[in-house]
Amino acid sequence: MSKKNLFYTLVAILLIGAYALSACAPAAAPAVEEPAAPAAEEPAAEEPMAEEKLGVGIVLPTKDEPRWIQDETRFRDALDAAGYDVEILFSQGDSSLEKSNVEALIAKGVQVIIICPHDSAAAAAAAESARAAGVKVVSYDRLITDTDAVDYYVTFDSIAVGAAQAQYLVDKATGTGNPLYLYAGAATDNNAFLFFEGAWNVLQPKIADGTFVIKNSSEAIALQDNPTLTRDDLGKIIGQVTTDWLFDVAKTKAESHLTVATAADKGDVFILAPNDGTSRAIADAFAADTDVTSYVISGQDAEQASVQYIIDGKQSMTVLKDVRTLVADAISAAIAYLEGGEPPVTNTYNNGVIDVPAKPSAVVSVDKDNVVEAIFDSGYWDPADFTGLE
Ligand code: BGC
């Protein structure tokens, strides 16, 4: 079925759902049924208007990071094109607001909730409220952990994200003794573990053979002979080099690492930065240090500001996770559930309680050499919004 047809199917199903109200018949109903005309004396307010009835609700973690604004925009673009109304709520980094957002959507009668959790474990309570109300839960980008109340996980291959970041550093390094600075995402985000695990798998042999020397993490140094890390090991390193996914935390942490490092720990440095926001913050700190002669730094998300940093030579690479794909997968999953079916499964992710069915999408490593093809030719961003492009 074409995307357009999928959307029309969604619209039809939602209209059926809206008119059928609490009639729980699966969406296989062959035609839209007009609701019975209310008796004259019946107050109209008792019967919600069709457009008040939502089939799908979306809860995103914060408006304060461009990554999630991207997702909001791309969800709206995809759903507006179908003339379909959707409610998107933000949790502003607060698990209790996230839970009340989920409860508000349940009260509005949604049948599917797409949640990107702020805190993977804390979101279990929100997912359980949805499950108790018979609402399907799609975990979006970040896995909700510690509960069986997750029906599906749409995601990118997060191990591959970390591996791509690390591979870039490895490919740019020559000789031995290259200073390596490690940073990670928030310990409350399951993805931070996957990204770091993927990076470690690639970096560790290059630490073991002397190509890199870790400069900013005693925990990572203590574990540097281990080709694979346990969840506890990862937790120790992440606990030390976390950015909490925050620009200011990343900048302050990088500055304090540079303050304690000697000139010999600097020179031509290599930096594992977990995403674009933190990469720009860390890059700014390293660029301001006169003992740093050059730096290679990773990122992820292909945020507009980081694509500009790459064009300007201030950030080395990003990992493009095409949010259009994730949005399309999430909408397809919602449609499948609304139709009484199941979305496609290619993998499972263990969330501590169950193996959650999932369909991870591929990622693309982007630097100055392929930015035009990967970002502009693909229509991901409009080149008119950037400067310095030939
Ligand atoms: C997402 C990244 C994002 C990070 C910070 C992760 O879970 O996968 O794309 O940069 O959270 O919001």
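In the predicted model, Gln 300 is in contact with Val 161, Gln 165, Phe 195, Trp 245, Pro 274, Asn 275, Asp 276, Thr 318, Val 319 and Lys 321, when its neighbours within four places in sequence are left aside. With one of these residues, Lys 321, the side chain of Gln 300 makes a polar contact through the side chain of the partner, at 2.8 Å. Gln 300 is located in the loop that lies between strand S9 (292-297) and helix H11 (304-311). Its relative accessibility is 1%, and because buried means under 20%, Gln 300 counts as buried.

Strand S9, which precedes this loop, belongs to an open sheet of four strands in the order S7-S6-S8-S9, with parallel pairing. S9 and strand S7 (212-214) are the edge strands, each of which pairs on one side only. On average, neighbouring strands of the sheet are turned by 35° against each other, direction ignored. Within the sheet, strand S6 (residues 178-182) runs parallel to strand S8 (residues 267-272), and three bridges join the two. Leu 182 stands opposite Leu 272 in S8. Helix H10 (residues 276-287) lies across S6, S8 and S9, and runs at about 165° to S9.

A packing of two helices was also examined. Helix H6 (residues 190-208) packs with helix H8 (residues 231-241) at an angle of about 100°, and their axes are 10 Å apart. H6 and H8 are therefore roughly perpendicular to each other. In this contact, Asn 190, Ala 192, Phe 193, Phe 196, Glu 197 and Trp 200 of H6 meet Arg 231, Leu 234, Gly 235, Ile 237 and Ile 238 of H8. Seven of the contact residues are nonpolar, two are polar and two are charged.

Conventions. Residues are numbered from 1 along each chain as its sequence is written. This is a predicted model: local features need pLDDT of at least 70, side-chain atom pairs count only at pLDDT 80 or more; totals for chains, interfaces and linings use all residues. Side-chain values use heavy atoms; hydrogens and water are left out. Buried means under 20% relative accessible area, exposed over 50%, partly exposed in between (1.4 Å probe, protein chains only). A polar contact is a pair of N or O atoms within 3.5 Å; within protein, one must be able to donate a hydrogen and the other to accept it, and residues adjacent in sequence count only if both atoms are side-chain atoms. Contact means heavy atoms within 4.5 Å. Axes are lines fitted to C-alpha atoms, for helices over the stretch in contact, and angles run from 0 to 180 degrees between N-to-C directions. Angles under 35 degrees count as roughly parallel, over 145 as roughly antiparallel, 65 to 115 as roughly perpendicular and the rest as oblique. Ala, Val, Leu, Ile, Met, Phe, Trp, Tyr, Cys and Pro count as nonpolar, Asp, Glu, Lys and Arg as charged, and the others, Gly among them, as polar. Two strands pair if DSSP finds at least two bridges between them.
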